[in-house]
Amino acid sequence: MFLVDRLRGMQDVLPPESDFYSKIELLMRSCAEFYGFSLIRTPVLEFTELFNRSAGDSSDIVQKEMYTFNDKSGRSVTLRPEFTAGVLRAIVNGLSGSVVYPLKIMYFGPCYRYERPQTGRYREFYQFGVEIFGAPSVLADLELICLANDIFNKLELKNVNLEINAIGCASCRQNYLDAVKNFFASIKDDLCETCKLRLSTNPLRIFDCKNLECKKLFDNAPHTVDFICNNCLSEFENLKRFLEINKIRYIVNTRIVRGLDYYTKFVFEFVVNFDGSDLTICGGGRYDNLSASLGGPDLPATGFGIGFERIVKLLQKTNNSIKINKKNKVYIVYMCENAKFVAVDIVSKLRSLGIQCDFDVVGRSVKSQMKYANKIGYDFVAVIGENELKKNNINLKNMSSGTEISFNLNNFHSDVYNYFKKNCDNSGLDISNS
Ligand code: ATP
Ligand code: MG
């Protein structure tokens, strides 16, 4: 046994499983690119204050889930539990007069939450997400939902349900909050101890409670849509119509309030049934006031985050294979000392032409080199020995069909390049899962 264990709730992902992860990441990123999003990279570590102020002091994340510690100079820092706050901080810090709105940003990376590990719940997990800054229109929310829907369709995920809700803007949200507070105050004795506390700190968070006794009480609680203003209501109606035009099925779930305090107007979740229970694979919504509340400019914004591991697990369960039209891979086998020098030359030339190739760096026998090429899954193998050197000819063997084509040794790299171009689908990173 190795002396050091892995931390609970964290995962190692080794090849070949990691290849599967990469393909899903690539698919998500290229879908978002197609919609005009560019990738941002932000630090994993931020000042704790950023999350306290954005997620809200009373949110589960801030209350119990953050990895917070003092750095060597005594400042309180936190491993990001989510991306939005850090991305917004980066955008506001980096804003210049020349910024063109709407700003469409995507991100991918690890998040950290000290939760009880269980199915689809880890302490280190990856999120893929997007944000649109500077677009107050409901059309921006529509774009996000269309993108997430496209991603799930391309991944061929089955039985994904979209749930949407209107939660009110700055002017009408308070009416709903008051109604929720009054309702739960009237049945205070039936609430669990945590929810009793939530009643005084942030009554909305009661809807996050996983306690079944509390959940039962939600049935009679006020519904968001009964309290929102006419403007919010008509925008919500528009969102529904736009979704219908896009033939995206949805249900209105007036209980979605989301786990973070900063949402306004619209929220949505994509939910799937996994092993008998509902699992949220994507959550998002509008957060028009977050920037100003952190001391930044007024910056309307909307975004979503996808739980990456949950998608991977779902796809693994359905044995879904994602194919990426990869470039053909060539393995050069050498049989003698002289051939080794030729192999080094050929590999270098093939690589400079963009052909993925490799050769033995271990000093293996010819038989073992062949075995290795087979195991790793090279599409083509070329063997160089005394015979090939004498004839100045070398055969390229197609490992799936078994056919061999002979090439002149001097032009091997360029002839193979032309051969691939003419005869093979080596279109690179074009992804599909058909
Ligand atoms: P949940 O209600 O499942 O705890 P959440 O509201 O805390 O979700 P968000 O903050 O909206 O989650 O994060 C967006 C997505 O990230 C979630 O929909 C989920 O797919 C994923 N996610 C959240 N927490 C975890 C975790 N601990 N492990 C793996 N994925 C997670
Ligand atoms: Mg959570």
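The legends below accompany an overall view and several close-up views of a predicted model.

**Figure 1. Overall layout of the predicted protein chain****.** The protein chain contains 15 helices and 18 strands, and its C-alpha atoms fill a box of roughly 95 × 55 × 50 Å along the principal axes. The domain assignment gives domain 1 as residues 17-169 + 228-317 and domain 2 as residues 330-423, with the C-alpha centres of domain 1 and domain 2 lying 47 Å apart. Of the 434 residues in the protein chain, 48% are buried, while about 22300 Å² is exposed, of which carbon and sulfur atoms supply 50%. Among contacts in the protein chain with a separation of 6 or more, 70% are accounted for by residues 24 or more positions apart.

**Figure 2. A salt bridge within helix H1, between Arg29 and Glu25****.** The closest N and O atoms of Arg29 and Glu25 are 3.0 Å apart, and the two residues, four apart in helix H1 (residues 17-34), are separated by about one helical turn. An α-helix has 3.6 residues a turn, so residues three or four places apart point the same way. Arg29 counts as partly exposed, since its relative accessibility is 27%.

**Figure 3. The salt bridge between Glu46 and Arg89****.** The side chains of Glu46 and Arg89 meet with an N to O distance of 2.7 Å. Because Glu46 lies in strand E2 (residues 45-47) and Arg89 in helix H4 (residues 84-94), the pair ties together parts that are 43 residues apart in sequence. The two partners fall into separate accessibility classes, for Glu46 counts as buried at 7% relative accessibility, whereas Arg89 is partly exposed with a relative accessible area of 24%. Elsewhere, salt bridges that share partners join Asp141, Glu235, Lys265, Arg286 and Asp288 into one network. A search of the whole structure finds 19 salt bridges.

**Figure 4. The buried residues of helix H4 and what covers them****.** The buried residues of H4 are Thr84, Ala85, Gly86, Val87, Leu88 and Ile91. Their cover includes strand E2 together with helix H2 (48-55), strand E5 (103-112), strand E6 (124-133) and helix H10 (290-293). Strand E2 thus appears in two views, as part of this cover and as the element that holds Glu46, the salt-bridge partner of Arg89.

**Figure 5. The segment before helix H1, with a nonpolar surface patch and a salt bridge****.** Phe2, Leu3 and Val4 form a nonpolar patch on the surface, and together they have about 440 Å² of accessible area. Val4 has its place in the segment before H1 and is exposed, with a relative accessible area of 61%. Arg6 forms a salt bridge with Asp12, in which the closest N and O atoms are 3.1 Å apart.

**Figure 6. Cysteine pairs that are not counted as disulfides****.** The count of disulfides comes to zero. Cys172 is in no disulfide, and the nearest cysteine sulfur, that of Cys229, is 3.7 Å away; because a disulfide requires sulfur atoms within 2.5 Å, this pair does not qualify. Cys172 counts as buried at 3% relative accessibility. Cys195 is likewise in no disulfide, the nearest cysteine sulfur being that of Cys192, at 3.7 Å, and Cys195 is buried, with a relative accessible area of 0%.

How values were computed: Residues are numbered from 1 along each chain as its sequence is written. Chains are lettered from A and ligands numbered from 1 in the order in which they are written. This is a predicted model: local features need pLDDT of at least 70, side-chain atom pairs count only at pLDDT 80 or more; totals for chains, interfaces and linings use all residues. Side-chain values use heavy atoms; hydrogens and water are left out. A salt bridge is a side-chain nitrogen of Lys or Arg within 4 Å of a carboxyl oxygen of Asp or Glu. Buried means under 20% relative accessible area, exposed over 50%, partly exposed in between (1.4 Å probe, protein chains only). Contact means heavy atoms within 4.5 Å. Patches are made of residues with over 30% relative accessible area and no salt bridge: like charges are joined within 9 Å, nonpolar side chains (Val, Leu, Ile, Met, Phe, Trp, Tyr) within 5 Å. Accessible areas come from the Shrake-Rupley method with a 1.4 Å probe; for residues, only the protein chains shown count as cover. Domain bounds come from an automatic or database domain assignment.
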